[in-house]
2 protein chains.
Amino acid sequence: MRTSLWRSDFRSLECRRAFTTTRANRERVNVARLLAQQTAADGVNVHGWVQSLRRQKKVAFAAISDGSTLDTLQAVLKPEVSAQLSTGTAVRLTGSWQASKGSKQSHELQVSHVEALGANDAEHNPLQPKYQTPEFLRTIPHLRPRIPANAILLRLRSQVIASLTQFFSQQGFVQTHTPIITSSDCEGAGEVFTISSNMAKDSVESQKPEEKASVEHFFRTPKYLTVSAQLHLEALAQAVDRVWTLSPTFRAERSDTPRHLSEFYMLEAELCFTKELDDVMSVVESMLSAVAADLLRSRTGTELLRTREAHHAEQETTTESATATDLKQRWTGLAEGGWPRITYANAIEMLLDAVSQSKVKFTYKPSYSAGLQAEHERYIAATIGEGKRPVFVTDYPRVQKAFYMAPTDPSDDESTADKTVACFDLLVPELCELAGGSIREHRSQELLKAMDAKGVAGEHLDWYQDLREYGSVPHGGFGLGFDRLLCYLSGVTNVRDVVAFPRWYGRCEC
Amino acid sequence: MRTSLWRSDFRSLECRRAFTTTRANRERVNVARLLAQQTAADGVNVHGWVQSLRRQKKVAFAAISDGSTLDTLQAVLKPEVSAQLSTGTAVRLTGSWQASKGSKQSHELQVSHVEALGANDAEHNPLQPKYQTPEFLRTIPHLRPRIPANAILLRLRSQVIASLTQFFSQQGFVQTHTPIITSSDCEGAGEVFTISSNMAKDSVESQKPEEKASVEHFFRTPKYLTVSAQLHLEALAQAVDRVWTLSPTFRAERSDTPRHLSEFYMLEAELCFTKELDDVMSVVESMLSAVAADLLRSRTGTELLRTREAHHAEQETTTESATATDLKQRWTGLAEGGWPRITYANAIEMLLDAVSQSKVKFTYKPSYSAGLQAEHERYIAATIGEGKRPVFVTDYPRVQKAFYMAPTDPSDDESTADKTVACFDLLVPELCELAGGSIREHRSQELLKAMDAKGVAGEHLDWYQDLREYGSVPHGGFGLGFDRLLCYLSGVTNVRDVVAFPRWYGRCEC
């Protein structure tokens, strides 16, 4: 009977496959775990890539890494079997884990069997085991993370995401996915990417005229890549009180600086039932404090500090980038919390004061109406934050900020020239603005007025206005540049080097 | 002295703000936590939205929710203070938590103070407290999650992300962010979105001719929204062995089905050092098993089951959607693991057999060369998976699958007409394909041949070819439709209803 045929086939299949991972995969350990093992063991299986090779007459040494740690495993091989290997080869090694005679490692792998797993044209590899400039490495992002100091940045990102996920979950925030394709280009007029569908031209032409408009726009009207998740988050917060997202965000800015990308991740959160900026700042502070505390006690953290030491040992001249000591101070400054808070007005006054006392020279004279320049922000972070703690600058003039921000004092008379909004920028040394947030205007009429004043009103924001008509609620939130945070945590000065495949004006490799 | 002025200002600021969250925010509890409290308490502060109001002569009852639970809190008010409230109003309530006289709840809040927090035009709210069709609700996604059965879908998404983050972290996978803007349109030719920058026309015309090309394309050449993170993940896996991402993905498909969106989240993972499909399937199986186990023991899980009961109680006719019992079976089927695995060839044979025995009628006759139709996949899930366990169908004919898949038998002769690739589709009841994966071709020449055969070779994939030249390594991976997974876990049949702001052909609300 055919039924029994397939059934028995199917059963034998079950047996053969045993419903589990393969034995080889179950038995392997990664390099990090093996290096932590201080006792001898036989029949060890490990996989990785050859980082370097040293051949002597009677013995060869291979340093093996698999990206799980900055450290390499020392594999001791017979010279003849090492012939099939070169720098970069993927290998499977079997052997015994034994105390090492060398002083550089406690244990090493005495290899009984080596298998080269794939091709490796070491000679023509654009990635060479020598110093190559960051600029060049950015042209080969598909190979770059194989450098241990870059691999650790991948692990840092992963760890920080995990810390954030845990933090927000404990704080009762719901993680959401806000849309990437949106109707609104309100925040970055002229600096958004437009999307279109790749429809073949003849297929458009074959449409009836009345259908053409809808065909030319896949979504009927023009759509853009999101510049911020905030407006959508506000809608979701009105259903579950506290929401957050870690989501890609886009700017078609033609700027070519170490701080800007065309595509970057933003961490954004909104919380309801508050009119107090303190509540919002408190979330930012405790969140970053939790991330830093996790980093301080993690292996990734320890290894990151070592990469900074190596980085500075390599440089002949002093550079502006953070040393291991600087980094540890940063993390401690984050973990401890209690960050200074100063109003914008006080900050300007302080800057003017510093200038008048010749403590500092600026290219741009600080002025209440002109706003803070990067050099001013840097000085604020260096002095008020003592170069190791972030500083909240609060209550900026309304004219400098977005339409959705609530006034510091809700009873403010409109005619008050210098009225401020309940907002903050979080400034850190080197990078300046890391995050920004505010209490949102939750009153319908006031929001409409603000939208008119900024020229952002329009049908595509009717839904946002609805949030103020039906069950409106005082709320606030913030956005934090996630890639910038990774820069701050790692001491990497160029944001293009903490993003696996960075995109910026004119550049989109791979 | 001015310095001391700002310094003292700054200090007084510190004192005033106390570096913490506000007292009001610290002291509030959410509805879920309060409902779990079985002892009386005074001075309770709680915030939420009025779900319903019932006014009697001497007393009024308000059901309050804040999205933290499906349940509402019963607030007992004086009729005169309830006048300021309507369905949907955001409120702050203060009172004492006491044993209830009613039978529907153990405790209730005897309210001493009510504050309506914002405007609420209940009458004109498009969202009304009555049955409204899913089709209508999709036109108001900014209001839709206020329905408790929709709010719980937000919480489900959040919980599943947290489960996944923990699972992958424990398994040594590095979470990464792959690019959204890419050069490659290879997988979905004609079905990709193209991006362009919104540069004003006159500014383009003012450019010199030789600069025009670069201006018209922000990134010099045409760029698209990603259809899959896989190729980029493969590059990162070659640095840290095991990687995963949960990332937005796009298709400009002009299809209007309950299973397709233009923008959706894909969970993708890659792992190195394996040639065995079993290793890849094992990750999928243990991952979904962990997610389901978390769901089974969570409050969100319990509440989801209750929404299904309510859903079915509301319907007069039987519907095709899953009951609470079905759902629990699904979760158990996922949590237990040990899912059937059957080859494509055996599946076709089984289908033909079922047809010949008149066990089932299909619109399309099963055939090895035509591929599995949705009706066939549904039958496989229903019979082999017994309608409660996913089924892995493996080893499809090469002609049906993507270029990067490795052969089932690497020694396969090219001339073998029906040669298969080491791949799987994961089929579940109702939704059919939930995930797909394969061993990737890691041999340079074989990959080139496959790319030529599928017509996908090109300069923009040179970097992908590089991965086979330098330190190439056997590896495999998979992609899972995250929104579809949420459908499967929740029993929601239309993917547009598990996504907060769904986008599909012609539709992009908010």
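Me: Is Thr249(A) buried or exposed?
Reply: In this predicted model, Thr249(A) is buried, because its relative accessible area is 1%, and buried means under 20%.

Me: Where does Thr249(A) lie?
Reply: Thr249(A) belongs to strand β10 of chain A.

Me: Which residues does Thr249(A) touch, leaving out those up to four places away in sequence?
Reply: With those left out, Thr249(A) touches Thr226(A), Val227(A), Ser228(A), Ser262(A), Glu263(A), Phe264(A) and Met266(A).

Me: And what does the side chain of Thr249(A) reach at 3.2 Å?
Reply: At that distance, the side chain of Thr249(A) reaches the backbone oxygen of Ser247(A).

Me: Let us turn to the two chains. How many residues of chain A are in contact with chain B?
Reply: On the side of chain A there are 133 residues, and they are in contact with 134 residues of chain B. Those of chain A divide into 61 nonpolar, 41 polar and 31 charged residues.

Me: What area is buried between chain A and chain B?
Reply: The buried area is about 11900 Å², and carbon and sulfur atoms give 59% of it.

Me: Which three residues supply more than any other three of the area that chain A buries against chain B?
Reply: They are His177(A), Phe273(A) and Tyr470(A), which supply 7% of the area that chain A buries against chain B.

Me: How many salt bridges are there across the interface?
Reply: The rule finds zero salt bridges across the interface of chain A and chain B. For polar contact, the rule finds 38 residue pairs across that interface, with both residues at pLDDT 80 or more.

Me: How is chain A laid on chain B?
Reply: A turn of 180° with a shift of 0.0 Å along the axis lays chain A on chain B, with an RMSD of 0.0 Å. The two copies are therefore related as by a two-fold rotation axis. The same surface serves both copies, since 100% of the contact residues of chain A recur in chain B.

Me: Which residue of chain A comes closest to the rotation axis?
Reply: That residue is Ile195(A), whose C-alpha is at 2.3 Å from the axis.

Me: Back to salt bridges. How many does the structure hold over all chains?
Reply: Over all chains, the structure holds 36 salt bridges. One of them joins the side chains of Arg496(A) and Asp256(A), at 2.4 Å from N to O.

Me: Where do Arg496(A) and Asp256(A) lie in the chain?
Reply: The pair links distant parts of the chain, 240 residues apart. Arg496(A) is in the loop between α16 (482-490) and β17 (503-504) of chain A, and Asp256(A) is in the loop between β10 (242-250) and β11 (263-272) of chain A.

Me: Which relative accessible area does Arg496(A) have?
Reply: The value for Arg496(A) is 7%, so this residue is buried. Asp256(A), by contrast, counts as exposed at 56% relative accessibility.

Me: What does Arg157(B) form a salt bridge with?
Reply: The partner of Arg157(B) is Asp483(B), and their closest N and O atoms are 2.8 Å apart. This pair also links distant parts of the chain, since Arg157(B) is in helix α5 (residues 148-170) and Asp483(B) is in helix α16 (residues 482-490) of chain B, 326 residues apart.

Me: Are those two buried or exposed?
Reply: Arg157(B) is buried, with a relative accessible area of 4%, and Asp483(B) is buried as well, at 3%.

Me: Which residues are linked with Arg138(A) in a network of salt bridges?
Reply: Arg144(A) and Asp497(A) are linked with Arg138(A) in that network.

Me: One more topic, the backbone. What is phi of Ser358(A)?
Reply: Phi of Ser358(A) is near 55°, a positive value in a residue other than glycine. Most residues other than glycine have a negative phi. Ser358(A) lies in the loop between α12 (344-356) and α13 (374-383) of chain A, and it counts as exposed at 64% relative accessibility.

Me: And what is phi of Cys432(B)?
Reply: Phi of Cys432(B) is near 65°, again a positive value in a residue other than glycine. Cys432(B) is found in strand β15 (residues 432-440) of chain B and is buried, with a relative accessible area of 1%.

Technical notes
Residues numbered from 1 in each chain as written. Chains lettered and ligands numbered in written order. Predicted model: local features only at pLDDT ≥ 70, side-chain atom pairs only at ≥ 80, totals over all residues. Heavy atoms only, no water. Least-squares fit on C-alpha atoms with pLDDT ≥ 70 in both. Contact = heavy atoms within 4.5 Å. Helix = DSSP H or I, 4+ residues; strand = E, 2+ residues; numbered from the N terminus. Buried < 20%, exposed > 50% of the residue type's maximum accessible area, 1.4 Å probe, protein only. Buried area = accessible area lost by both parts, 1.4 Å probe. Salt bridge = Lys/Arg side-chain N within 4 Å of Asp/Glu carboxyl O. Polar contact = N/O pair within 3.5 Å; in protein donor to acceptor, adjacent residues only side chain to side chain. Nonpolar A, V, L, I, M, F, W, Y, C, P; charged D, E, K, R; others polar.
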